[in-house]
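User: I would like to go through this structure by question and answer, beginning with how its strands are connected and ending with its nonpolar cores.

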Amino acid sequence: GSMPGLRGDADSYEKDKGEFVELTDGTIIQGGITKVSLAVILALKKTGNVVLDGKKYGYKEINAFQHENKYYRKNAYNYFVERIVKGKINGYKSFHTGQSVNSKGIMTSYTYYLYFIQKGDKEQVVAYELKVLKKMIPLQKTVH
C-alpha cells in the first residue's frame, strides 16, 4: 500500500542556531552562508559546496547545514534531504523529477518526493517505511 504523505512544519530547523555547517566529525561552524549550490547539493550527484563566511566546504566534508531556516542533513545513502518534521522521530523529504513515455511515444515529466525518518537527532536518516517507523516507536506497556 502507499504511505501517507508527511506534511512539514515551519519549526523543523534548529531555532537556537542561525546558519551553520556541521562537518562529518560533528563540529558545528556557525556563520553566514553566502553561497550554497542547493540545486546541485540536493541533486543525486553528490557534489556541490557551501560557502560559510568566505570559506568553502565541499560535499564530502559536510554532514548537515542550515540555510534560510531550512535544515538539511545527509541520509544513510549519502544524499542531502530537507528536515520537515522535528521531534522524537524526525521527518525529511527530497524532491525528484522523473520522465516517462506513454504508448504514443510522448514524453512527460513528473515530480515526486521521497520521505525519510530518523529516530532522535543522532541515528541515521533512513527511508520512510512503515516497518521501520514501527521499530522506532517505543511500545507502551498496558496496565490492567
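**Strand pairing and cores**

Analyst: To begin with a connection in this predicted model, a hairpin joins β8 to β9 through three residues.

User: In which sense do strand β8 and β9 pair, and which residue in β9 is the bridge partner of R83?
Analyst: Strand β8, which covers residues 80-85, pairs with β9 over three bridges, and the sense of this pairing is antiparallel. Within β9, the bridge partner of R83 is Y92.

User: How many bridges join strand β9 to strand β10?
Analyst: Strand β9 takes in residues 89-101 and strand β10 residues 107-119, and the two run antiparallel. Among the facing positions, H96 stands opposite Y112 in β10, while Q99 stands opposite S109 in β10. The number of bridges that join β9 to β10 is 13.

User: Which residue takes a positive phi in the hairpin of β9 and β10?
Analyst: This hairpin has five residues between its strands. A positive phi near 80° is taken there by G105.

User: What stands opposite F116 in β11, and which residue in the turn between β10 and β11 has a positive phi?
Analyst: Strand β11, made of residues 126-127, runs antiparallel to β10 and is joined to it by two bridges. In β11, the residue opposite F116 is A127. The hairpin that β10 and β11 form has six residues between them, and the turn residue with a positive phi, of about 65°, is G120.

User: Which residues have the most contacts inside the largest nonpolar core?
Analyst: The largest nonpolar core has 13 residues. The elements that give two or more residues to this core are β1 (19-23), β3 (33-36), β4 (49-52) and β6 (62-67). Those with the most contacts inside the core are V21, I41, V50, F65 and F80.

User: Which residues is I41 in contact with, leaving aside its neighbours within four places in sequence?
Analyst: I41 is itself listed among the core residues with the most contacts inside the core. With those sequence neighbours left aside, the residues in contact with I41 are V36, T47, G48, N49, V50, Y59, F65 and F80.

User: How many residues does the other core, which lies apart from the largest one, have?
Analyst: That other core includes Y13, F20, A64 and V81. Its number of residues is eight.

Notes:
Residues numbered from 1 in each chain as written. Predicted model: local features only at pLDDT ≥ 70, side-chain atom pairs only at ≥ 80, totals over all residues. Heavy atoms only, no water. Pairing = 2+ DSSP bridges. Helix = DSSP H or I, 4+ residues; strand = E, 2+ residues; numbered from the N terminus. Core = buried A, V, L, I, M, F, W, Y, C linked by side-chain atoms within 4.5 Å. Buried < 20%, exposed > 50% of the residue type's maximum accessible area, 1.4 Å probe, protein only. Contact = heavy atoms within 4.5 Å.
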